[in-house]
Amino acid sequence: MKIVACNSNLPLAEKVAAELGLPLCNATVRRFADMEIFVEIHENVRGEDVFVIQSTCSPTNDNLMELLIMLDALRRGSARRITAVMPYFGYARQDRKSGPRTPISAKLVANILVEAGANRVLTMDLHAMQIQGFFDIPVDNLYAAPLFTRDIRGRMKLDGEPPLPYDAPPMDIPGGPHNLMIVSPDVGGVVRARQLAQRLNVDLAIIDKRRERAGVSEVMNVIGDVRGRYCVLVDDIVDSGGSLCNAAEALMKHGAVAVEAYVTHGVLTGSAVSRIGQSPLGMLTLTDSIKATEAVKDSANIRQISTAALISRAMQAISDESSVSSLFD
């Protein structure tokens, strides 16, 4: 197995390589004066099982092109199998025609990845599960729910739970752990939220909202009794932060004692970090699928947990031709 890192999330790639006890492949990804991307691999990859780690986050198009050019370089270098490890899959929100004469960009990206040389894709919490069907190659979609479950249990300091391998703020729930409630910030995320609620054996609530235009949401109603409950919002992507902040405000107005959020991908565009800092959210927990900006690192109520162990185990399973689905538990 060889691991190649592009530039979008080098800290995560280094953690994954450390988990596997392997060095990162000696490769160069740089730009010419006109910003053309140039890739050069400085070691032999012929006949190797190669994993390319690259999240296609902002700048999305630059990071996507880096990945495509790296895939082409590996294919031309006669790698036996090339797996695109994309902790965050950009363009996933364009998974269907939203109106007349609009693209399905997620399908286009899938086609380009295959054409560039990817033999397999490993990703996490796809925005829409049907994107797996856009590929004519195997796609392994990991879930952050096991990481969130372990983190919440560890922060609640439940008897019999092993301590977390990292510092984490305690979760002091008035009335005890049974007073925890998982909340989906919209109807479309109910399946994801229900899975986490079932893992923790707690109740579920749903935010019913109406989106007037892209990036702007209006909370309409809270389905479920959240009075006196410690609410945890669960979602796959936080972009502008508007939906999460509106949901947190609605929950507090309906009597919740505190609100937190667990989100897989922290896109956090524009003034999202500032908006979250001024919101009722006590804490926003993200994974490191997207590299933390300085604003995120400096935020008092945003933290990251690592996906390196989960991704490295999935990569090892793929290389060994063993089960990946066992990691979903």
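In the UniProt record, an unreviewed entry, the feature "binding site" is placed at His127 and Asp186. In the predicted model examined here, these residues span 60 positions in sequence, yet no two of their C-alpha atoms are more than 13.2 Å apart, so they gather at one spot. Of these residues, His127 is included in the lining of the largest cavity.

Histidine 127 is found in the loop between β6 and β7. Its relative accessibility is 32%, and the residue therefore counts as partly exposed, since this class lies between the limits of 20% for buried and 50% for exposed residues. When residues up to four places away in sequence are not counted, histidine 127 touches Ala92, Arg93, Asp95, Arg192, Asp236 and Ile237. Aspartate 186 occupies another loop, between β8 (180-184) and α5. With a relative accessibility of 18%, aspartate 186 counts as buried, because buried means under 20% relative accessible area. Beyond residues up to four places away in sequence, aspartate 186 touches Ile206, Ile207, Lys209 and Asp235.

One of these partners, Lys209, carries an annotation of its own. The UniProt annotation "active site", again from an unreviewed entry, covers Lys209. Lysine 209 is found in strand β9, and its relative accessible area of 18% means that the residue is buried. The contact between aspartate 186 and Lys209 thus links a residue annotated as "binding site" with the residue annotated as "active site", as the list of residues touched by aspartate 186 shows.

The largest pocket of the model has a volume of about 1000 Å³. Its lining is made up of 41 residues, of which Arg93, His127, Asp186, Asp235 and Asp236 lie nearest the centre of the pocket. The elements that give two or more residues to this lining are α4 (145-156), α5 (190-200), β9 (203-213), β11 (230-238) and α6 (242-253). Strand β11 gives the most, with five residues. In chemical character, the lining residues of the largest pocket divide into 16 nonpolar, 14 polar and 11 charged. Both parts of the chain take part in the lining, as at least three residues are drawn from each of domain 1 (2-142) and domain 2 (144-305).

Both residues annotated as "binding site", His127 and Asp186, thus belong to the group that lies nearest the centre of the largest pocket. Contacts also occur within this group: histidine 127 touches Arg93 and Asp236, while aspartate 186 touches Asp235.

Two further residues were examined. Glutamine 132 has its place in the loop between β6 (120-124) and β7 (139-142), the loop in which histidine 127 is also found. At 28% relative accessibility, glutamine 132 counts as partly exposed. Residues up to four places away in sequence being left out, glutamine 132 touches Leu126, Val139 and Asn141. Glutamine 132 and valine 267 are 135 residues apart in sequence, and their C-alpha atoms are 21 Å apart in space.

Asparagine 63 lies in helix α2 (residues 60-76). Its relative accessible area is 5%, so asparagine 63 is buried. Apart from its neighbours within four places in sequence, asparagine 63 is in contact with Ser8, Gln54, Ser55, Thr56, Cys57 and Ser58.

Key
Residues are numbered from 1 along each chain as its sequence is written. This is a predicted model: local features need pLDDT of at least 70, side-chain atom pairs count only at pLDDT 80 or more; totals for chains, interfaces and linings use all residues. Side-chain values use heavy atoms; hydrogens and water are left out. On a 1 Å grid over the protein atoms alone, a cavity is a set of points where a 1.4 Å probe fits but cannot get out, and a pocket is an open set with protein on both sides within 12 Å along at least five of seven lines; lining residues have an atom within 4 Å of a point. Grid points are joined across faces, edges and corners, and a volume is the space filled by probe spheres set on the points. Helices (H or I, at least four residues) and strands (E, at least two) are DSSP runs, numbered from the N terminus. Ala, Val, Leu, Ile, Met, Phe, Trp, Tyr, Cys and Pro count as nonpolar, Asp, Glu, Lys and Arg as charged, and the others, Gly among them, as polar. Domain bounds come from an automatic or database domain assignment. UniProt positions are given in the numbering used here, feature names are shortened, and annotations may be inferred rather than shown by experiment. Buried means under 20% relative accessible area, exposed over 50%, partly exposed in between (1.4 Å probe, protein chains only). Contact means heavy atoms within 4.5 Å.
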